[in-house]
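Me: I would like to learn how to read the features of a protein model, one at a time. Could you take me through this one slowly?

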Amino acid sequence: DRYENPKEMFKFIRSIIPQEKLDTGLEWLDVGCATGEFLYYLKSSFPNDNYTGIDVSPSMINKAKSIMPNDTLICSDISADINVKHSQYDIVTCTGVLQIFDELEMPISQLLSYVKTGGFLIITGSVSSYDIDVVMKYRRVTNKGHDIWESGWNLFSKSTYEYYLAQHKRPLTIEWHDFEMPFAIHESSDPMRSWTLKIENNPHQLVNGASQLLDVKACFIEVAG
């Protein structure tokens, strides 16, 4: 329920898109749109563009539809044959999703397939600062014992992203942008919801209950002709 209080990540993504292209009838696709908060933020700013969202959660898609009934919202996942045309979208965004995968080849290929020639793909999330990939599982310890092992915080290096992007048949231009949280976030009751701590080089370093220091970046990809 962040429709009227957009996340800093939403503002960050908007800031790295060429501003002259916005609100010109663009076709947007947000993969992993959850309850549609990012799409709502975009539509509030750029009502002349067109918006499609995909998420694997039926309850989240239903919530998104209740807020944005006139937009296209699809319950599916990136690995399925979803009901969208390839090379249809001017801008495709995917935020905090690729960390759930153990490999990047399939999701990156799928995301790129949705982008028009001359369009953009923006992938945001935690990225390894070194040439190291990490597949991570965690479980919660409660007074009733141990919960199941969960995933969703895998880390891939910039080199791994660039390797799989280089396999694409169309030429790409890649830029990396660092996200910096502009204010402190307090620890919540859920230790796997990230918060900030002050370290020597960063007053608002993101961290989670698995003791991961999170370096969040955007990979901005332009698909050339």
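**Reading helix H2 and beyond**

Reply: The buried residues of H2 are Glu37, Phe38, Leu39, Tyr41 and Leu42, where buried means under 20% relative accessible area, exposed over 50% and partly exposed in between, with a 1.4 Å probe and protein chains only. Helices (H or I, at least four residues) and strands (E, at least two) are DSSP runs numbered from the N terminus. This is a predicted model, in which local features need pLDDT (the predictor's confidence in each residue, from 0 to 100) of at least 70, side-chain atom pairs count only at pLDDT 80 or more, and totals for chains, interfaces and linings use all residues. Residues are numbered from 1 along each chain as its sequence is written, and side-chain values use heavy atoms, leaving out hydrogens and water.

Me: What covers the buried residues of H2?

Reply: Contact means heavy atoms within 4.5 Å, and the cover includes H1, strand S1 (27-31), strand S2 (50-55), strand S3 (72-75) and strand S4 (89-95).

Me: How many disulfides does a search of the whole structure find?

Reply: A disulfide is a covalent bond between the sulfur atoms of two cysteines, counted here when the sulfur atoms lie within 2.5 Å. The search finds zero; for Cys75, the nearest cysteine sulfur, that of Cys33, is 9.2 Å away.

Me: Why is Cys219 not bonded to Cys94?

Reply: Because its sulfur is 11 Å from the one in Cys94, the closest cysteine sulfur, which is too far for a bond. Cys219 counts as buried, at 1% relative accessibility, whereas Cys75 is partly exposed, at 41% relative accessible area.
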